[in-house]
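Please have the chain open in a viewer while reading. The text goes through loops, salt bridges, a surface patch and enclosed spaces in turn.

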Amino acid sequence: PAEISLARFAGFPVERVVYNSPAQDKHVAWEVLREGGTVVVDSREMLSWLDARAGQSKTRQVGRVLIRVNPSVDIRYKKDEEYHWLSAHSNKTGKFGIPSEEVVEVIAGLASLLIDGLHAHVGTGMDHAEPFIKMANHFVELATAVKVQCKQVLRIFDLGGGLGIPMVGEQKDIPTVPEFAAALRPHMQQQIEYWFEPGAALVGKAAGLLGSVTGTKTVRGRQWAIADVGFDKMAFAVLLQLPLTIVGPNG
């Protein structure tokens, strides 16, 4: 994929490349793994293919494999919104990941592939830290079961991204990255390496969509502003009816 090529071109070593997608190219996944990168596997089918490919390899596994977990624990937003059924990626009816109740069985059935850890993505725009804490504790339970039943030690917990950012005003109830870290720290295990992907929470406020109002019109008593701005840049927000802050030229 272009993202991997761009990362390598920018100078990132393969050890820092994480290939994570529900629509992975299995051959790309194997190459990333063979060269020493990390692959997050979303399905039993992909795991089976990689396991068979590892069995054919004449060299030992260099890269790391994480299993994306679809958790059996209840993950919820603090404030419910109508669009959350689209953005809550860690619910029992979701299509992402391998159900947590199947993880031990799946790992036990692998002949050659070694599993290094677990991954999850609680959702998009998560408005509190509790889901991440629940997931971290859930991973401890899964890792313990894997160690006992499969004799494998999982050393990486990737709690993914999804930490929200204020969309309107201050929204002080959404934790900052330091507040999120402070809430999670008491639940972290010393022997585990924790990974996080707080992309939007780190850089979301640094971006804005620039547009202009070219005119106004009135239709059946309702006034409209005619904006010169690309709808494709706002499709996600508009379709989910997310609240947005509009700032005029005077700030």
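Helices (H or I, at least four residues) and strands (E, at least two) are DSSP runs, numbered from the N terminus. Arginine 220 sits in the loop between β8 and β9 (222–228). This is a predicted model, in which local features need pLDDT of at least 70, side-chain atom pairs count only at pLDDT 80 or more, and totals for chains, interfaces and linings use all residues. Residues are numbered from 1 along each chain as its sequence is written, and side-chain values use heavy atoms, with hydrogens and water left out.

Arginine 220 has a positive phi of about 50 degrees although it is not a glycine. Most residues other than glycine have a negative phi. Relative accessible area sorts residues into buried (under 20%), exposed (over 50%) and partly exposed (in between), using a 1.4 Å probe and protein chains only. Arginine 220 has a value of 84% and is therefore exposed. Lysine 151, also not a glycine, has a positive phi of about 60 degrees. Lysine 151 belongs to the loop between α6 (130–150) and β6 (156–158), and it counts as exposed because its relative accessibility is 68%.

A further loop, between α7 (177–184) and β7 (193–195), holds arginine 185. With a relative accessible area of 54%, arginine 185 is exposed. Its C-alpha is 9.1 Å from that of isoleucine 133, while the two residues are 52 apart in sequence.

Next come the salt bridges, each a side-chain nitrogen of Lys or Arg within 4 Å of a carboxyl oxygen of Asp or Glu. The whole structure has five of them. One pairs glutamate 35 with arginine 8, with the closest N and O atoms 3.5 Å apart. This pair links distant parts of the chain, since glutamate 35 is in helix α2 (residues 26–35) and arginine 8 is in helix α1 (residues 2–9), 27 residues apart. Glutamate 35 is partly exposed at 38%, and arginine 8 is partly exposed at 38%. Within helix α2, arginine 34 and glutamate 31 are three residues apart, about one turn of the helix, and their side chains form a salt bridge with an N to O distance of 2.6 Å. Glutamate 35 and arginine 34 form another, at 4.0 Å, N to O. Through shared partners, the salt bridges join Arg8, Glu31, Arg34 and Glu35 into one network.

On the surface, Val219, Trp224 and Ile226 make a nonpolar patch of about 240 Å². Patch residues have over 30% relative accessible area and no salt bridge; like charges are joined within 9 Å, and nonpolar side chains (Val, Leu, Ile, Met, Phe, Trp, Tyr) within 5 Å. Accessible areas come from the Shrake-Rupley method with a 1.4 Å probe, and for residues only the protein chains shown count as cover. Valine 219 lies in strand β8 (residues 212–219) and is partly exposed at 33%.

Last come the enclosed spaces. On a 1 Å grid over the protein atoms alone, a cavity is a set of points where a 1.4 Å probe fits but cannot get out, and a pocket is an open set with protein on both sides within 12 Å along at least five of seven lines; lining residues have an atom within 4 Å of a point. Grid points are joined across faces, edges and corners, and a volume is the space filled by probe spheres set on the points. The second largest pocket holds about 420 Å³. Its lining has 17 residues, and those closest to the centre are Val18, Asn20, Asp158, Phe196 and Glu197.
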